[in-house]
Amino acid sequence: MTGAGEETTKRTEAYAREHLANERTHLAYVRTSIALLSFGITINRVGLYFLEADKKAAEVGPRSLLHDAVGVGVWMVLLGMALMGWAAVRYLRAYSDIERGAYRPDRTAILIFTAAIFLSGAASIVWLVSS
């Protein structure tokens with residue numbers, strides 16, 4: 001037979017594991033957001049650098065690859081910012097759900113973000129093939 005103290009310890013350990021898992025998940029989203037922000041800024045700045053370095057590239061037409069790369073960089077920064085905001089909201093919701101003992105995964109938000117990233121990838125393929 002287990003004592004009341006042992007059951008309390010097991011519940012406390014499980015409770016701590018749930019919160020630590022929530023924090024690890026949040027940090028994974030933060031790392032991904034930072035990567036998107038950093039890479040978006042890099043693409044944007046490199047595109048602008050090459051546009052300035054080679055004025056002929058700017059005269060190629062209204063939709064040269066370098067102009068598009070600048071826009072792709074901005075899009076990645078916006079996506080990184082959105083992911084960072086969503087990560088914070090998700091963390092706080094999961095935290096309060098764990099506290100209440102009523103945690104349920106948010107499938108809608110995951111599907112929306114997955115669809116947004118998938119559509120971004122599909123648009124990138126169209127952009128690469130058409131350019």
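## Close-up views of a four-helix chain

The accessible surface of the chain comes to about 9,400 Å², and 68% of that area belongs to carbon and sulfur atoms. Please keep in mind that this is a predicted model. The legends below start with the whole chain and then visit its parts.

**Figure 1. The whole chain is built from four helices and zero strands.** If you follow the sequence from start to end, you meet the pattern α-α-α-α. The chain has 131 residues, and buried residues make up 25% of them. How do the contacts divide along the sequence? Take the contacts between residues at least 6 apart in sequence: 75% of these join residues at least 24 apart.

**Figure 2. Nine residues form the largest nonpolar core.** The members to look for are Leu36, Ile43, Ala69, Met76, Leu79, Leu83, Trp86, Ala109 and Phe113. Which helices supply at least two residues each to this core? They are α1 (residues 4-53), α3 (residues 65-100) and α4. Helix α3 gives the largest share, with five residues. As a general background, nonpolar side chains in soluble globular proteins tend to be buried together.

**Figure 3. Met76, a member of the core, touches a group of residues from elsewhere in the sequence.** Setting aside residues up to four places away in sequence, Met76 touches Leu36, Phe39, Gly40 and Ile43. Two of these names may look familiar, since Leu36 and Ile43 also belong to the largest nonpolar core.

**Figure 4. Helix α4 runs from residue 107 to residue 130.** Its 24 residues reach 34 Å from the first C-alpha to the last, close to the 34 Å expected at 1.5 Å a residue. Which residues of α4 are buried? They are Ala109, Phe113 and Ser120. Ala109 and Phe113 are also listed in the largest nonpolar core.

**Figure 5. Arg93 and Asp106 form a salt bridge.** The count of salt bridges comes to two, and this view shows one of them, with the closest N and O atoms 3.6 Å apart. The pair links distant parts of the chain: Arg93 sits in helix α3, while Asp106 sits in the loop between α3 and α4, 13 residues away. Is Asp106 buried, exposed or partly exposed? Its relative accessible area is 31%, so Asp106 is partly exposed. In general, side chains of opposite charge can pair when their charged atoms come close.

**Figure 6. Arg100 and Asp97 meet in a salt bridge within one helix.** Here the N to O distance is 2.3 Å. Both residues lie in helix α3, three residues apart, which is about one turn of the helix. How do the two partners compare in their exposure? Arg100 has a relative accessible area of 58%, so this residue is exposed. Asp97 counts as buried because its relative accessibility is 15%, and the cut-off for buried is under 20%.

**Figure 7. Val74, Trp75, Leu78 and Met81 form a nonpolar patch on the surface.** Together these four residues have about 400 Å² of accessible area. Val74 can be found in helix α3. With a relative accessible area of 40%, Val74 is partly exposed, as its value falls between the 20% and 50% cut-offs.

**Figure 8. Tyr15 of helix α1 comes together with Ile98 from a distant place in the sequence.** How many residues separate Tyr15 and Ile98 in sequence? The answer is 83, and yet their C-alpha atoms are 7.8 Å apart in space. Leaving aside its neighbours within four places in sequence, Tyr15 is in contact with Ile98 and Glu99. Tyr15 is partly exposed, with a relative accessible area of 36%.

**Figure 9. His26 and Arg24 give two more views of helix α1.** His26 has 19% relative accessibility, so this residue counts as buried, just inside the limit of under 20%. Which residues does His26 contact, once neighbours within four places in sequence are left aside? They are Ala87, Ala88 and Tyr91. Arg24, in contrast, counts as exposed at 53% relative accessibility. The C-alpha atoms of Arg24 and Tyr91 are separated by 9.9 Å, although the two residues are 67 residues apart along the chain.

Definitions and conventions
Residues are numbered from 1 along each chain as its sequence is written. This is a predicted model: local features need pLDDT of at least 70, side-chain atom pairs count only at pLDDT 80 or more; totals for chains, interfaces and linings use all residues. Side-chain values use heavy atoms; hydrogens and water are left out. The expected span of a helix is 1.5 Å times one less than its number of residues. Buried means under 20% relative accessible area, exposed over 50%, partly exposed in between (1.4 Å probe, protein chains only). A nonpolar core is a set of buried Ala, Val, Leu, Ile, Met, Phe, Trp, Tyr and Cys residues joined through side-chain atoms within 4.5 Å. Contact means heavy atoms within 4.5 Å. A salt bridge is a side-chain nitrogen of Lys or Arg within 4 Å of a carboxyl oxygen of Asp or Glu. Patches are made of residues with over 30% relative accessible area and no salt bridge: like charges are joined within 9 Å, nonpolar side chains (Val, Leu, Ile, Met, Phe, Trp, Tyr) within 5 Å. Accessible areas come from the Shrake-Rupley method with a 1.4 Å probe; for residues, only the protein chains shown count as cover.
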